[in-house]
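Visitor: I am new to this structure and would like to be led through it slowly, with the reasoning behind each answer.

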Amino acid sequence: QVFISALILIQASVSHSILEKLRELVTMNEGLKDQEQQFRNHCREEMARLQQNIENLKSVAGNEEAEVKEHGELIEQQYKEDREKLQKIRLLLARRNREIAVLQRKIDEVPSRAELTQYQRRFVELYNQVAATHKETKQFFTLYNTLDDKKVYLEKEVNLLNSIHDNFQQAMASPATREQFLRQMEQIVEGIKQNRMKLEKKKQENKMRRDQLNDEYLEVLEKQRLYFKTVKEFKEVLHYFSLYKINQIKL
């Protein structure tokens, strides 16, 4: 408006060509102002749009960051749980290894079949040696007791003969002492007979006991023979059965 008024005032004093040029310049200036205003409006709209995009991106980035953080926390929690499980498994494995080691030591302490056979053979040898020594010692004790009893009886016999010899002359001095001496001799003979009967009875009892023990020993030997025979037959049956199972598996 100001420019137009100024143009009207100076219209009379300027030439027509200059006036036209000036009008074009004014019109161009107004156009440029309108374009500038449109450009500014466009820039404001574009800035608003870009700011909105930035806000949207920030919101999306925030959501993604929250998701990433949450996912990271889940991974961390899972890692802790797996680590605790691994620690428990390691402890359990260590305990199992200790139990296996204890069992292995116990298994190693158990002798093998060959060792058991060797131990059995050695025990049998020791038993035979002990039995032989016991039998020999028992025979020595029996011989000692027999000789000791024989000695006792011989001592009694010697004492009796010495007593008879010492008292014979005095006993024969008178009929009364002789009669008393004879009665004493009869009593001594009767005592000897009774002792002999007791010894014979004891001898018979020992003989019967010996025969009974011998019969029991023979019976035990028969049972032992039957036992070894049964074990041998059982092993043969197991061997044949094992061969039969192997053949069945091969077929």
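**Charged pairs and a surface patch**

Guide: Let us begin in helix α4, where K223 and E219 lie 4 residues apart and are therefore separated by about one helical turn. Please keep in mind that this is a predicted model.

Visitor: How far apart are the closest N and O atoms of K223 and E219?

Guide: Side chains of opposite charge can pair when their charged atoms come close. The cut-off for a salt bridge is a side-chain nitrogen of Lys or Arg within 4 Å of a carboxyl oxygen of Asp or Glu. K223 and E219 do form a salt bridge, and the distance between their closest N and O atoms is 3.8 Å.

Visitor: Is K223 buried, partly exposed or exposed?

Guide: The word exposed is used for a relative accessible area over 50%, and partly exposed covers the range between that and 20%. E219, with 45% relative accessibility, counts as partly exposed. For K223 the relative accessible area is 53%, so this residue is exposed.

Visitor: Which residue forms a salt bridge with E179?

Guide: Helix α4 spans residues 175-250, and E179 has a partner 4 residues away in that helix, so the two are separated by about one helical turn. E179 is partly exposed, with a relative accessible area of 42%, and its partner also counts as partly exposed, at 43% relative accessibility. The closest N and O atoms of this salt bridge are 4.0 Å apart, and the partner of E179 is R183.

Visitor: What is the N to O distance in the salt bridge of R122 and E125?

Guide: R122 and E125 are 3 residues apart in helix α3, which covers residues 113-171, so about one helical turn separates them. R122 is partly exposed, with a relative accessible area of 43%, while E125 is partly exposed at 34% relative accessibility. Their side chains meet in a salt bridge, with an N to O distance of 3.3 Å.

Visitor: How many salt bridges does the count come to?

Guide: The pairs discussed above include R122 with E125 and E179 with R183. By the rule of a side-chain nitrogen within 4 Å of a carboxyl oxygen, the count comes to 8 salt bridges.

Visitor: What accessible area do L116, Y119, F123 and L126 have together?

Guide: F123 has its place in helix α3, and this residue is exposed, with a relative accessible area of 57%. L116, Y119, F123 and L126 form a nonpolar patch on the surface, and their accessible area together is about 400 Å².

Note on methods: Residues numbered from 1 in each chain as written. Predicted model: local features only at pLDDT ≥ 70, side-chain atom pairs only at ≥ 80, totals over all residues. Heavy atoms only, no water. Buried < 20%, exposed > 50% of the residue type's maximum accessible area, 1.4 Å probe, protein only. Patch = residues over 30% accessible without salt bridge, like charges linked within 9 Å, V, L, I, M, F, W, Y side chains within 5 Å. Areas by Shrake-Rupley, 256 points an atom, 1.4 Å probe, with all protein chains shown as cover.
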